[in-house]
Amino acid sequence: MTTYKNADFPVDDQGRTYHIGVKRGEVANRVLTCGDVDRVRTLSKFLDKIYCEVLSERGFLTVTGSFQGVPVTLLASLMGYPNMDFAIRETLALVDGEMVCVRFGTCGTPSMEYNIGDLSLATECRGIYRNPDAFRPRKAGEKEPTSEERYHITLPVPGDAELLKHLETSLKKQFGEVIRQGVNFSGCTFYASQGRPGPDFEDHNEDLLDRIAAVPHAAAIEMETFHLFDLAELSRGRLRAGGSALIIAKRKTKAFVTPEEKKKWVDDYGKALLQALATFPIADAKLMKAPECV
Ligand code: R1P
Ligand code: URA
């Protein structure tokens, strides 16, 4: 049985973190992250060498290797804010200097100006939080909560400007105008907080999609990038974050990507994002040089 010490930041006897299961030497300063474990497996075929692969008991997958000679980590964060929190806190703690982290997610678009297959690069990100207090039974005479009271859309948090520029320049060279910029929204859930109606629950979210779409340059709705950007702002400059999301759903028309299309775009954009990440200059000299986890 594995024993852990330090309840504030539990690690086992080998220094492996409690949820992600990685230890020092197994995480590179350049990280490409997505929610989907299979996407990490798919992207790992583009690495020229794999140093180590860690599948944690909780299901997080970390693959570290080299892309065109540069150490990179592919990290499946699983879905939602709490999982992104584990993924980032338990990897940043293991690297020296800066960690550059680019999320490669999938998303729906609230806009009619973006299309399935576009890759949306996040200029800034807003969280959408459902407020459970606004759903409790009301006392006699109490008024109905407003949409704003039920679903809070946060202030925007910007991504790393240099990283965004680098991603855009690198990807546009290969893909042209389907590389878009826009505002990313991260819902605290997939259904209610992204304005999906459903018959089983009183979600009171009928106007939420329109509220999101009304924000200028609203491009993408997914579930983790806001927390990544939020953490980057709190990291005293150690975490530099970028967000990219493949549009797989057009929310207003209800169109959804086919599996074949998704596979092709994940391959093509994923490889290009790895290339961009590997060529992004990192200031700090203390980067992982040799694999310690072969
Ligand atoms: C929901 O289906 C999941 O897809 C999106 C959302 O952010 C959420 O994690 O991203 P990934 O495809 O990276 O998981
Ligand atoms: N992921 C999300 O979170 N929302 C979508 O609409 C599509 C993918």
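This report walks through a pocket and the two ligands found in it, in a predicted model.

## The pocket

Let's start with the space itself. The largest pocket has a volume of about 380 Å³. Its lining is made of 20 residues, and those closest to the centre of the pocket are R39, M79, T106, F190 and I248. Sorted by class, the lining holds 8 nonpolar, 5 polar and 7 charged residues.

Which strands build this lining? At least two residues each come from β7, β12 and β13, the last of these covering 239-250. β7 makes the largest contribution, with 5 residues of the lining. Both ligands belong to this part of the model: ligand 1 sits in the largest pocket, and ligand 2 sits in the largest pocket too.

## Ligand 1 and its neighbours

If you click on ligand 1 in the structure, look for the residues that surround it: C34, G35, R39, M79, R103, G105, T106, F190, E222, M223 and E224. By class, this shell divides into 4 nonpolar, 3 polar and 4 charged residues. The strand that gives the most to the shell around ligand 1 is β7, with 3 residues.

Three side chains are worth a look for their polar contacts with ligand 1. R39 places a polar side-chain atom 2.6 Å from an oxygen atom of ligand 1, and R103 does so at 2.9 Å, again from an oxygen atom of the ligand. The side chain of E224 also takes part, with an N or O atom 2.5 Å from an oxygen atom of ligand 1. Taken alone, ligand 1 exposes 350 Å², and the protein buries 85% of that.

## Ligand 2 and its neighbours

Now for ligand 2. The residues around it are T106, C107, G108, F190, Q194, R196, I221, E222, M223 and I248. They divide into 5 nonpolar, 3 polar and 2 charged residues.

The polar contacts here involve both side chains and backbone. A polar side-chain atom of R196 is 2.6 Å from an oxygen atom of ligand 2, while Q194 brings a polar side-chain atom to 2.8 Å from a nitrogen atom of ligand 2. From G108, a polar backbone atom lies 3.4 Å from an oxygen atom of the ligand. On its own, ligand 2 exposes 240 Å², of which the protein buries 93%. Two strands give two or more residues to the shell around ligand 2, namely β7 (99-109) and β12 (218-222). The largest share, 3 residues, comes from β7.

## Residues to follow between the two sites

A few names come up in both lists. T106, F190, E222 and M223 are among the residues surrounding ligand 1, and T106, F190, E222 and M223 are also among those around ligand 2. Of these, T106 and F190 are also listed with the residues closest to the centre of the largest pocket.

Other central residues can be traced to one ligand or the other. R39 and M79 appear among the neighbours of ligand 1, and I248 appears among the residues around ligand 2. For a quick tour on screen, β7 is a handy guide: this strand supplies the largest share of the pocket lining, gives the most to the shell around ligand 1, and provides the largest share of the shell around ligand 2.

Key:
Residues are numbered from 1 along each chain as its sequence is written. Chains are lettered from A and ligands numbered from 1 in the order in which they are written. This is a predicted model: local features need pLDDT of at least 70, side-chain atom pairs count only at pLDDT 80 or more; totals for chains, interfaces and linings use all residues. Side-chain values use heavy atoms; hydrogens and water are left out. A residue is near a molecule or strand if one of its heavy atoms lies within 4 Å of it. A polar contact is a pair of N or O atoms within 3.5 Å; within protein, one must be able to donate a hydrogen and the other to accept it, and residues adjacent in sequence count only if both atoms are side-chain atoms. Accessible areas come from the Shrake-Rupley method with a 1.4 Å probe; for residues, only the protein chains shown count as cover. On a 1 Å grid over the protein atoms alone, a cavity is a set of points where a 1.4 Å probe fits but cannot get out, and a pocket is an open set with protein on both sides within 12 Å along at least five of seven lines; lining residues have an atom within 4 Å of a point. A molecule sits in a cavity or pocket if more than half of its atoms lie within 2 Å of its grid points. Helices (H or I, at least four residues) and strands (E, at least two) are DSSP runs, numbered from the N terminus. Ala, Val, Leu, Ile, Met, Phe, Trp, Tyr, Cys and Pro count as nonpolar, Asp, Glu, Lys and Arg as charged, and the others, Gly among them, as polar. Grid points are joined across faces, edges and corners, and a volume is the space filled by probe spheres set on the points.
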